[in-house]
Amino acid sequence: PELTRMVGFCTYALVSLLIIQNVQSQQSPNPPFLAPWFLLEIPDETLNKAEVCEKVDLDDPGLASATKIILPEEGPTGICINFPPSPKYPFGWRYDIMIRGPCANGCCEGIPPSLLEKFSGVKYPSWFVPDTDTVFKAPFYFRGGKLLDGDEKEACVVVDGDGPNLLVKGKITNFNRQTECALMVSEGEPQPSPRCNKDK
């Protein structure tokens, strides 16, 4: 029985680690290019939404953030995003209505409609903030106006079966001052912790 439990724990730990690594590969904090963007609700009848985006950016040059698109859990999902200029988009700015993906701590994955099929295949672990009860199945999102890139955060990854839940430590990246949302990227290997296993 003891050997069976040890094998079970190793299996669950390996599976959880692979899940976390898969999430981080999908949520890499340093992709080749992150386009500046900001939330904005523009009426459907507006003909040239790109010009509206450009004007807002000129009026508030610090509004756009070159971060991953992480949306608040409530409110509009329209964004202005500034890709390099092209013949089709001479201003560089364009407007899109994003789709909310999985959410955690009031923040949701922002999915472009054209990439919905690709994002739908991403598997996220179930996790919760240590010493809390709410379980998420989403990237490691955190929200708060006082967050800063580089802040340390923790998450408990849920392991089904007899294996203990695992504590994951990481650092905040991609903080967006408009949405106050950010992504925790894990560092090191997850470890069992009493803070994650009070009910096991």
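Analyst: A strand here is a DSSP run of E of at least two residues, a helix is a run of H or I of at least four, and both are numbered from the N terminus. By that rule the chain has three helices and 13 strands, and threonine 173 has its place in strand 11, residues 166–176. The model is a predicted one, in which local features need pLDDT of at least 70 and side-chain atom pairs count only at pLDDT 80 or more, while totals for chains, interfaces and linings use all residues. Residues are numbered from 1 along each chain as its sequence is written, and side-chain values use heavy atoms, with hydrogens and water left out.

User: Why is threonine 173 called buried?

Analyst: The relative accessible area of threonine 173 is 16%. Buried means under 20%, exposed over 50% and partly exposed in between, with a 1.4 Å probe and protein chains only, so threonine 173, at 16%, counts as buried. In the chain of 200 residues, buried residues make up 41%.

User: What makes the link between threonine 173 and asparagine 174 a polar contact?

Analyst: The two side chains are joined at 3.0 Å, and the limit for a pair of N or O atoms is 3.5 Å, where within protein one atom must be able to donate a hydrogen and the other to accept it. Residues adjacent in sequence count only if both atoms are side-chain atoms, and the contact of threonine 173 with asparagine 174 is indeed one between side chains.

User: How do you know that asparagine 48 caps helix 2?

Analyst: A side-chain oxygen of asparagine 48 lies 3.3 Å from the backbone nitrogen of alanine 50, at the N-terminal end of helix 2. That value is within the limit for a polar contact given above.

User: Why are the buried residues of helix 2 said to be on the same side?

Analyst: In helix 2, residues 49–59, the buried residues are Lys49, Ala50, Cys53 and Asp57. They cover an arc of only 105° around the axis, which puts them on the same side of helix 2; the arc is that of the directions from the helix axis to the C-beta atoms. An α-helix has 3.6 residues a turn, so residues three or four places apart point the same way. On the other side of helix 2, Lys55, Leu58 and Asp59 are exposed.

User: What makes glutamate 51 partly exposed?

Analyst: Glutamate 51, also in helix 2, has a relative accessible area of 40%, and this value falls between the cut-offs for buried and exposed, so the class in between applies.

User: What do the buried residues of helix 2 pack against?

Analyst: They pack against strand 1 (37–39), strand 3 (78–82) and strand 4 (93–97), where contact means heavy atoms within 4.5 Å. Helix 2 lies across these three strands and runs at about 110° to strand 4; axes are lines fitted to C-alpha atoms, for helices over the stretch in contact, and angles run from 0 to 180 degrees between N-to-C directions.

User: How do you know that strand 1 pairs with strand 3, and strand 3 with strand 4?

Analyst: Two strands pair if DSSP finds at least two bridges between them. Strand 1 and strand 3 have three bridges, and strand 3 and strand 4 have five, so both pairs meet the rule. Phenylalanine 38 stands opposite cysteine 80 in strand 3, while glycine 78 has isoleucine 97 in strand 4 as its bridge partner.

User: Why is one side of strand 1 and of strand 4 left without a neighbour in the sheet?

Analyst: The three strands form an open sheet with the order 1-3-4 and antiparallel pairing. Strand 1 and strand 4 stand at the edges with a single partner strand each, so each has one side without a neighbour in the sheet. The twist averages 25° from one strand to the next. Strand 3 is mostly covered, with four of its five residues buried.

User: Why is the pair of tryptophan 127 and phenylalanine 140 called edge-to-face?

Analyst: This is one of four aromatic pairs in the structure. Rings of Phe, Tyr and Trp (its six-membered ring) pair if their centres lie within 6.5 Å, and planes under 30 degrees apart count as stacked, over 60 as edge-to-face and the rest as tilted. The ring centres of tryptophan 127 and phenylalanine 140 are 5.2 Å apart and their planes stand at 75°, so the pair is edge-to-face. Both residues are buried, and Trp127, Phe136, Phe140 and Phe142 form one aromatic cluster.
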